[in-house]
Amino acid sequence: MSSISVCIIAKDEQQNIKRAIESVSEIAGEVLLVDTGSTDRTRDIAGELGARVISYQWADDFGAARNFALEQAKSEWVFQLDADEALHAPVSRLDELVQHEQVDAFYFELLNLAQEGTVAGAISQRSNRLFRRDDWRYQGIIHETPVFRPEKSPMTAWSGLQILHWGYLPGPGQQAKGDRNRVLLEKAIRHDEKDFLLHYYLGDDFRRTGHLEAALQAFLQAERLCPGGARAHRALLALRICECLLETGEIKAAQKRVSREAKNFYDYRDLLFLAGRINEAAGELSVAAKFFERCLDMPSAAEKYLVAQEGLERIAAERAQQCRRP
């Protein structure tokens, strides 16, 4: 039997749960579904697929729910998956990863899909999803992260595997999800107003639901609080701030800001592409073309930076050609 417990937190996910469980059934020693109050067929479908289903009283705290799942798991290693996600092939690699005795956790590339049926345009980010159950516990009531419990620093590695995430696709549930997230984030910020990541996540939720001015202010606050040495986080905040300036029509301010940031993060392909878009919007087509062309030979940012968009090379090549066209 595999030494991996797959833990899933779910509520009313009957449209997604089959896909999630089937993506890991080949490698799971057990699939543990912690149900936080489903009224649809989520529990029944999971049970029919062999999952162990446990009820949990939801208390507006994602970290607590995930820690409850860890406490119920039986295997040495835990793979954490959301109901609207699926592990991308080759799943058999997970069994190979847990044979590494010196590694405490593995990072995956989480692909937030932008359109159904393709990874084109998906936004990728790093996520710690496979780790030794006894050594990690989650912190945070929302956008919770696993934290290593012993006093020493953990040994982590890159898995080379992807997780597909359907949760950000446009749909009727996005506004309700955004409203729920904002309530929890504002509660968390009242508890720790200097946590820059909470302000970043608040900005992200505002932006996703179309509240661009509020998003910009949240990102600027996150930037003010972000430690100077957190290069990857500062790059992401630069990207988001410039996106908001572009999306709110503040083209001149966006141009000035992105010009400076492109020098600071000269190897961040997503930021260079955004600089091209901003200069294109400003009518500076030759400058835009140069930024787009810089994207073509730039390596993927997936391992170095926190967020990267899939398929930028092709799009950048097309935009550069259009900007160069007489």
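The following legends accompany close-up views of a predicted model.

**Figure 1. The largest cavity and the residues that line it**. The count of cavities of 30 Å³ or more comes to one. About 40 Å³ of space lies in the largest cavity. Its lining is formed by C7, I8, I9, R66, A69, L70, V78, Q80 and Y138. Three elements, β1 (4-10), α3 (62-72) and β4 (77-80), each contribute at least two residues to this lining. Sorted by class, the lining residues are seven nonpolar, one polar and one charged.

**Figure 2. A salt bridge within helix α1, between K18 and E22**. The side chains of K18 and E22 meet at 2.7 Å, N to O. Both residues belong to helix α1 (residues 17-24), where they lie four residues apart, about one turn of the helix. K18 has a relative accessibility of 44% and therefore counts as partly exposed. E22 is likewise partly exposed, because its relative accessibility is 42%. This pair belongs to the 23 salt bridges that a search of the whole structure finds.

**Figure 3. A salt bridge between strands β7 and β5, formed by R129 and E85**. The side chains of R129 and E85 meet at 2.8 Å, N to O. The pair links distant parts of the chain, with R129 in strand β7 (residues 123-132) and E85 in strand β5 (residues 85-87), 44 residues apart. Are R129 and E85 buried or exposed? Both partners of this salt bridge are buried.

**Figure 4. The salt bridge of R240 with D204, and the network around the pair**. The side chains of R240 and D204 meet at 3.6 Å, N to O. R240 is part of helix α8 (residues 231-247) and D204 is part of helix α6 (residues 196-208), so this contact ties together parts that lie 36 residues apart in sequence. R240 counts as buried because its relative accessibility is 8%, under the cut-off of 20%. D204, at 14% relative accessibility, falls under that cut-off too and therefore also counts as buried. The two residues are members of one network, in which salt bridges that share partners join D204, D205, R207, R208, R240, E243 and E247.

**Figure 5. The parallel strands β2 and β3 with the crossover between them**. Strand β2 (residues 30-35) and strand β3 (residues 52-55) run parallel and are joined by four bridges. Within this pairing, L32 stands opposite R52 of β3. Through which helix does the chain cross from β2 to β3? The path leads through helix α2 (residues 42-48), and the resulting β-α-β crossover is right-handed.

**Figure 6. P150 in the loop between β9 and β10**. P150 lies in the loop that follows β9 (145-148) and precedes β10 (156-165). Its relative accessibility is 32%, and P150 therefore counts as partly exposed. How far apart are P150 and T36 in sequence and in space? The two residues are separated by 114 residues in sequence and by 29 Å in space, C-alpha to C-alpha.

Technical notes: Residues numbered from 1 in each chain as written. Predicted model: local features only at pLDDT ≥ 70, side-chain atom pairs only at ≥ 80, totals over all residues. Heavy atoms only, no water. 1 Å grid on protein atoms, 1.4 Å probe; cavity = no way out; pocket = protein on both sides within 12 Å on 5 of 7 lines; lining within 4 Å. Points joined across faces, edges and corners; volume = space filled by probe spheres on them. Nonpolar A, V, L, I, M, F, W, Y, C, P; charged D, E, K, R; others polar. Salt bridge = Lys/Arg side-chain N within 4 Å of Asp/Glu carboxyl O. Buried < 20%, exposed > 50% of the residue type's maximum accessible area, 1.4 Å probe, protein only. Pairing = 2+ DSSP bridges. Right-handed = clockwise from strand over helix to strand, strands pointing away.
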